[in-house]
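Here are some comments on the model, set out as numbered points. They take the sheet and its helices before turning to the ligand.

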Amino acid sequence: MKELREAIEKWGRAAGTNVVKVDMFLNHRLETELLFQMGKVLADYFREDHPTQVLTVESSGIALALTTAHFLGDIPVVFAKKSPTIVQSEDVVQAPVYSFTHKVNNMIRVDKHYLPIHSRVLIVDDFLADGQAATGLISLCTQLQCQAVGVGVGIEKGFQPGGKLLRERGIKLKSLAIVEKIEDGKIILAQDD
Ligand code: 5GP
C-alpha cells in the first residue's frame with residue numbers, strides 16, 4: 001500500500017536487525033488519515049467474508065482494528081487483554097502468546113460474551129512477526145466456536161515466519177506492507193503485489 005510504504009520510508013526506524021519502530025505514526029503517535037486509509041484497504045479486502053466483529057490485542061492493534069471495523073459497516077471491535085487476571089472467571093477464554101517486543105509470555109484473554117458462538121471474526125494487528133499474536137487470537141476464536149475469517153495486518157516482517165505459517169494453515173492473510181529485511185540500519189520493503 002503506497003501511503004503506508006511512504007510513511008515507513010519517512011518515519012520508520014530500524015532497531016537492531018529485526019525490530020521496526022513506527023512510533024511516529026502507528027504505535028505511539030497516530031497518523032489519523034493514514035490509519036483510516038489502511039482500515040479501508042483491509043475492509044475492502046475482507047468485506048466478502050462478512051466479518052461480524054474485528055478482534056485484536058491491546059494496545060497497538062486497536063487503532064487499525066477500529067478504522068477497519070468502521071469501513072466494514074461500524075461492526076464492533078473486541079480487543080484481547082494482556083494484563084493478568086486476578087480471578088479466573090468462567091466467562092473468560094485465554095491463550096498463551098509470547099511477546100516478540102517484550103520477550104515475555106502473556107496470557108491473552110477475552111470475555112466470552114463479546115464473541116458469541118458462530119461469530120465471523122476478522123483478526124487485525126499492527127505487525128505480523130512470528131505469528132504468535134495471530135495464533136493466540138485464532139485460538140480464542142476456536143475456543144469460542146467462532147470462525148476466524150482472516151488476518152489483516154499493517155506490517156508483515158517477511159524475514160520472520162508468521163506470514164508463512166498462517167498461509168500454510170490456509171488462513172486468508174492481507175499485509176499492507178512487507179518488510180523484506182533490515183540491512184545496515186535500513187528498512188528494505190518488498191515490492192507491492
Ligand atoms: P508476533 O506475535 O507475530 O510475533 O508479533 C506481533 C506482535 O508483536 C504485534 O502485536 C506487535 O505489536 C509486536 N511486534 C512484532 N514485531 C514488531 C516490530 O518490529 N515493531 C513493533 N513496533 N512491534 C512489533
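1. For the helix packing described below, contact means heavy atoms within 4.5 Å, and angles run from 0 to 180 degrees between N-to-C directions, with axes fitted to C-alpha atoms. The model under discussion is a predicted one.

2. With that in mind, helix α4, which spans residues 62–71, lies across β3, β4, β7 and β8, and its direction makes an angle of about 140 degrees with β7. Helix α3 (residues 32–46) lies across β7, β8 (147–157) and β9 (173–183), and runs at about 125 degrees to β9.

3. The strands just named belong to an open sheet of six strands with mixed pairing, in which the order is β4-β3-β7-β8-β9-β10. Its edges are formed by β4 (77–80) and β10 (186–189), each of which pairs on one side only. On average, and with direction ignored, neighbouring strands of this sheet are turned by 30 degrees against each other.

4. Within the sheet, strand β3 (residues 53–57) and strand β7 (residues 120–128) run parallel and are joined by three bridges; V54 stands opposite L122 in β7.

5. Which residues are closest to the ligand? Of the 17 residues that surround the ligand, the closest are V20, A129, D130, G131 and A133.

6. Oxygen atoms of the ligand take part in several polar contacts: one is 2.7 Å from a polar backbone atom of G131, while polar side-chain atoms lie at 2.8 Å in the case of K157 and at 3.2 Å in the case of D126. Taken alone, the ligand exposes 500 Å², of which the protein buries 90%.

Key:
Residues are numbered from 1 along each chain as its sequence is written. This is a predicted model: local features need pLDDT of at least 70, side-chain atom pairs count only at pLDDT 80 or more; totals for chains, interfaces and linings use all residues. Side-chain values use heavy atoms; hydrogens and water are left out. Two strands pair if DSSP finds at least two bridges between them. Helices (H or I, at least four residues) and strands (E, at least two) are DSSP runs, numbered from the N terminus. A residue is near a molecule or strand if one of its heavy atoms lies within 4 Å of it. A polar contact is a pair of N or O atoms within 3.5 Å; within protein, one must be able to donate a hydrogen and the other to accept it, and residues adjacent in sequence count only if both atoms are side-chain atoms. Accessible areas come from the Shrake-Rupley method with a 1.4 Å probe; for residues, only the protein chains shown count as cover.
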